[in-house]
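Thank you all for making time this morning. I would like to walk you through a structure that most of you have not seen before, taking it one part at a time.

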Amino acid sequence: MKNSFAKKVLGLSALLVAGSAPWVHADIKIAIAGPQTGDVAQYGDMQVIGAEMAVEQINAAGGVNGEKLVAVRYDDACEPKRAVAVANKIVNDGVQFVVGHLCSSSTQPASDVYEDEGILSITPASTNPTITERGYTMIFRTIGLDSHQGPTAAKFIADKIKPSRVAVIHDKQQYGEGIATAVKQTLEGKGVNVVLFEGVNKGDKDFSPLVAKLQKQKIDFVYYGGYHPELGQLLRQTAEKKLDIKFMGPEGVGNKDISQIAGKASEGLIVTLPPAFDLRPENKGLVEAFKAKDQDPSGAFVMTSYAAVKVIAQAIGGAKTQDTEVLQEYIRNNSFDTPMGTIAFDEKGDLKGFDFEIYNWHADGSKTVIN
Amino acid sequence: MLEAGLYFLQQLINGITIGSTYALIAIGYTMVYGIIGMINFAHGEIYMIGTYVAFMAIAGMAMLGIEFLPIIFLGALLASMLVSSSFGWAVERIAYRPLRGGNRLIPLISAIGMSIFLQNYVRLGQGSRDIAMSSQITGGFSIGPTDGFHATLSYMQIIIFVVMLVSMALLTLFISKSRMGRACRAVAQDLKMANLLGIDTNRVIATTFVIGAALAAVAGTLLGMYYGVVNAYVGFIAGLKAFTAAVLGGIGSIPGAMLGGILLGIAESMTAAYFSTEYKDVVSFGLLVLILLFKPTGILGKPEVEKI
């Protein structure tokens, strides 16, 4: 009885394996790897709609060298452990191109796998500088670096806000702590008084001891390096104590959920974000296409993900090969036409001439540029 | 000097508030452990479900146009206790009862499975995004000078503390005075013997799970209203903290859970206050290690006598 059951299972799985073999055909698969679940899944959504729109439009225009692009989603939940598992799965699935990952702490370990296996990856969101500083050839990014974003933020704080007592808080993650450190160093270089530099635990909800500390230290400005779930709580709990503290954060806090969590307390939050590419007149048609599908093109990583797919497609089209070794050379030596404008990459794989912009966040989830 | 005192007071208030909720969740662990000698790893998820139900109830009442705060609060509390208790009952029925009498590790593993199942069940049903709700109860008392540093005690913090005390008192009364409570104690002492003497042990154990789940729902409602945010993963870390609190106070002991919860809350807020926020979990789990090393039964726990 047991034996025959085992045989059936074996037979069935053999059938499945045999059945899947004919599916290997000439389409060019692009993996979209990012958090589709978990507490930063919002950013994964931005990535997915941007990348899938690009795939759809490229296919509608005839594909690449006559072949169709196929987007395959992989979920890493922004967890480094799962990112490695996802990377290995991508290798096993025979996918050659990756748009992702999103969180720097996921991109870093996953890129080790991609480098070894010769898989070309373009991250549309990871801003930690060390990702491209390891001499890897297979990793690119269509976003700026914290080492630029941090100083941009810090200069704004020192020159425009001129606070007297600053606290720099971070979530101890690669992204958050990296950017917080960059901000702190630039601020101190400009003679701003950084009174407090402290980490919080990712996933924490209770910040009341920290808020009391801010109050005691008479802090009037807080820079937070991290993501919106924690900053949202911090804003909310600071507002409940009626403290007059101005907050600022990187693009990781800039999405509509922070207004959901913090409510009125999110009004006046300052955020550094990639430029609002969706507001540029030349992208009007693309924005319409997103709106027709009831998708929101204003998310920080929608256009960067779209651009990442475009870069891969144009490189394959231009170099007339899918050999990633040739393609990475091609990407370094050519420029690409994307909704972010015409972009080019430097030796490390970073964008040339990318600047963050500074926005004022509003309680209804909208934002306005500060000049 | 005054400022230092007020700062300490403020951190004490913060610690007691968060500790009270740890205590409420810890009760569930402690009761189940006290009676069947097992840790219910799905308990944190019950707490998370409690928060979701409270949010839904509040949103539902807002749609019906109910604005009277006490009714909203009580309605949310009742709805979440009701739904969570049925989940607690179902967890016992599905993950524990069929495995009773087997190796103690087996139900432990099935409870972990239950926890993963509930997490993903809620995630699929409710989406993986954070669900947020604006504060319902705002305002509070201010202690100290208005221009300098002053400690605040919000109404929500008072409610959390009072509800915790009332729940503990009711539970203690139930355990010591009621017929069912006596049956619980009998089962805790010796399950086999209680069974032989005609106590329906299955019913007693199910009741324990239901009570534990109801208290977790109370904590879920309170903390949901306090922080205003929930997602499918909040149960894990809350459960871990509450478990620590239960062990700290002496697992199996109800006053121990309360003491452990509040001590843990105060230890966390004091670490954040005088040291650094990033070390608060290090200190709370370090405390657990120390307690386990030097007093393995916890602060109020009795050394376990091997039953013959």
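Let me begin with chain A, where residues 24 or more positions apart account for 70% of the contacts with a separation of 6 or more. Please keep in mind throughout that what you are looking at is a predicted model, and that the values I quote are computed from it.

Chain A has 12 helices and 14 strands. The radius of gyration of this chain is 22 Å, which is close to the 21 Å that the globule rule gives for 371 residues, so chain A is as compact as a globular protein of that length. If you lay the C-alpha trace of chain A along its principal axes, the span is about 70 × 60 × 40 Å, and 53% of the 371 residues count as buried.

How is chain A divided into domains? Domain 1 is made of residues 11-144 together with 280-339, while domain 2 is made of 147-273 together with 357-369. The centres of these two domains of chain A, taken over C-alpha atoms, are separated by 30 Å. Where the two domains touch, 13 residues of domain 1 are in contact with 14 residues of domain 2. On the domain 1 side of that contact, helix α4 of chain A, residues 104-117, gives the most, with 3 residues. Sorted by class, the domain 1 side has 4 nonpolar, 8 polar and 1 charged residues.

I would now like to look at one strand in some detail, namely β1 of chain A, which covers residues 28-34. Is this strand buried or exposed? With 20 or more other C-beta atoms within 10 Å as the cut-off for a buried residue, 6 of the 7 residues of β1(A) are buried, so the strand is largely enclosed by the rest of the structure.

Which strands does β1(A) pair with? One of them is strand β2 of chain A, residues 69-75, which pairs with β1(A) in the parallel sense over 7 bridges, and within that pairing the bridge partner of I28(A) is L69(A). Another is strand β3 of chain A, residues 97-100, where the pairing with β1(A) is again in the parallel sense and runs over 4 bridges; here the bridge partner of I30(A) is F97(A). There is also a helix to add to this picture, since β1(A), α2(A) and β2(A) make a right-handed β-α-β unit.

Some details of the backbone in chain A deserve a moment as well. A cis peptide bond, with omega of about -5 degrees, joins G100(A) and H101(A), and H101(A) has its place in the loop between β3 and α4 of chain A.

Then there are residues with a positive phi that are not glycines, among them D294(A), where phi is about 65 degrees. This residue sits in the loop between α10 (284-292) and α11 (302-319) of chain A, and D294(A) is exposed, with 6 other C-beta atoms within 10 Å. K320(A), which is not a glycine either, has a positive phi of about 55 degrees and is found in the loop between α11 and α12 (324-333) of chain A. With 11 C-beta neighbours inside 10 Å, K320(A) counts as exposed.

Turning to chain B, we find 11 helices and 4 strands. The radius of gyration of chain B is 20 Å, close to the 19 Å that the globule rule gives for 308 residues, so chain B too is as compact as a globular protein of its length. The C-alpha atoms of chain B fill a box of roughly 70 × 50 × 35 Å along the principal axes, and buried residues make up 50% of its 308 residues. In chain B, residues 24 or more positions apart account for 75% of the contacts with a separation of 6 or more.

Finally, how many residues does each chain bring to the contact between them? Chain A gives 29 residues and chain B gives 27. On the side of chain A, the elements that give two or more residues are α2 (41-60), β7 (194-199), α7 (208-216), α8 (228-240) and α9 (257-262), and of these α7(A) gives the most, with 7 residues. By class, that side of chain A has 7 nonpolar, 11 polar and 11 charged residues. Helix α2(A), then, appears twice in this account, in the right-handed β-α-β unit and on the side of chain A that touches chain B.

Definitions and conventions. Residues numbered from 1 in each chain as written. Chains lettered and ligands numbered in written order. Predicted model: local features only at pLDDT ≥ 70, side-chain atom pairs only at ≥ 80, totals over all residues. Rg over C-alpha atoms; globule rule 2.2 N^0.38 Å. Buried ≥ 20, exposed ≤ 12 C-beta atoms within 10 Å, placed from the backbone. Contact = placed C-beta atoms within 7 Å. Nonpolar A, V, L, I, M, F, W, Y, C, P; charged D, E, K, R; others polar. Domains from an automatic or database assignment. Pairing = 2+ DSSP bridges. Right-handed = clockwise from strand over helix to strand, strands pointing away.
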